[in-house]
Amino acid sequence: YPQNKVFHGIVIEIKNTNDRNVNLEELADRALDQIDTKNYARDLEYYGIKEVVCFGIAFRGKETVVKTG
């Protein structure tokens with residue numbers, strides 16, 4: 001559990017693909033959707049973290065897209 005509730009909580013979901021046909025922007029959006037639908041931030045909020053920042057990261061080799069939500 002968090003030692004200092006003053007700091008922001010962070011939730012990160014990472015998606016990887018080797019398929020060149022997959023849009024990394026959409027994959028990063030799917031990562032954020034997964035954070036939301038599976039309620040990953042719930043435990044941080046339960047322990048009193050007021051601000052939770054979520055990151056959806058998608059990558060293919062060295063190509064990377066990072067989105068926040």
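**Exercise 1.** Does Asp 29 count as buried, partly exposed or exposed, and what is its relative accessibility? Then find its salt-bridge partner.

*Solution.* Keep in mind that this is a predicted model.
- Step 1: Asp 29 has 31% relative accessibility.
- Step 2: Buried means under 20% and exposed means over 50%, so a value in between is called partly exposed. Asp 29 is therefore partly exposed.
- Step 3: The side chain of Asp 29 meets that of Lys 67 in a salt bridge, at 2.9 Å from N to O.
- Step 4: This pair links distant parts of the chain, with Asp 29 in helix H1 and Lys 67 in strand S3, 38 residues apart.

**Exercise 2.** Describe the salt bridge between Glu 63 and Arg 20.

*Solution.*
- Step 1: Their side chains come together at 3.0 Å, N to O.
- Step 2: Glu 63 lies in strand S3 and Arg 20 in the loop between S1 and H1, 43 residues apart.
- Step 3: Now look at exposure: Glu 63 is partly exposed at 35%, while Arg 20 is exposed at 62%.
- Step 4: Add Arg 60, and you have a network of salt bridges that links Arg 20, Arg 60 and Glu 63.

**Exercise 3.** Which residues make up the largest nonpolar core?

*Solution.*
- Step 1: List the seven members: Val 11, Leu 32, Ile 35, Ala 41, Ile 49, Val 52 and Cys 54.
- Step 2: Helix H1 and strand S2 each supply at least two of these residues.
- Step 3: Pick out Val 11; beyond its neighbours within four places in sequence, its contacts include Ile 35, Ala 41, Val 52 and Cys 54.

Notes
Residues numbered from 1 in each chain as written. Predicted model: local features only at pLDDT ≥ 70, side-chain atom pairs only at ≥ 80, totals over all residues. Heavy atoms only, no water. Core = buried A, V, L, I, M, F, W, Y, C linked by side-chain atoms within 4.5 Å. Buried < 20%, exposed > 50% of the residue type's maximum accessible area, 1.4 Å probe, protein only. Helix = DSSP H or I, 4+ residues; strand = E, 2+ residues; numbered from the N terminus. Contact = heavy atoms within 4.5 Å. Salt bridge = Lys/Arg side-chain N within 4 Å of Asp/Glu carboxyl O.
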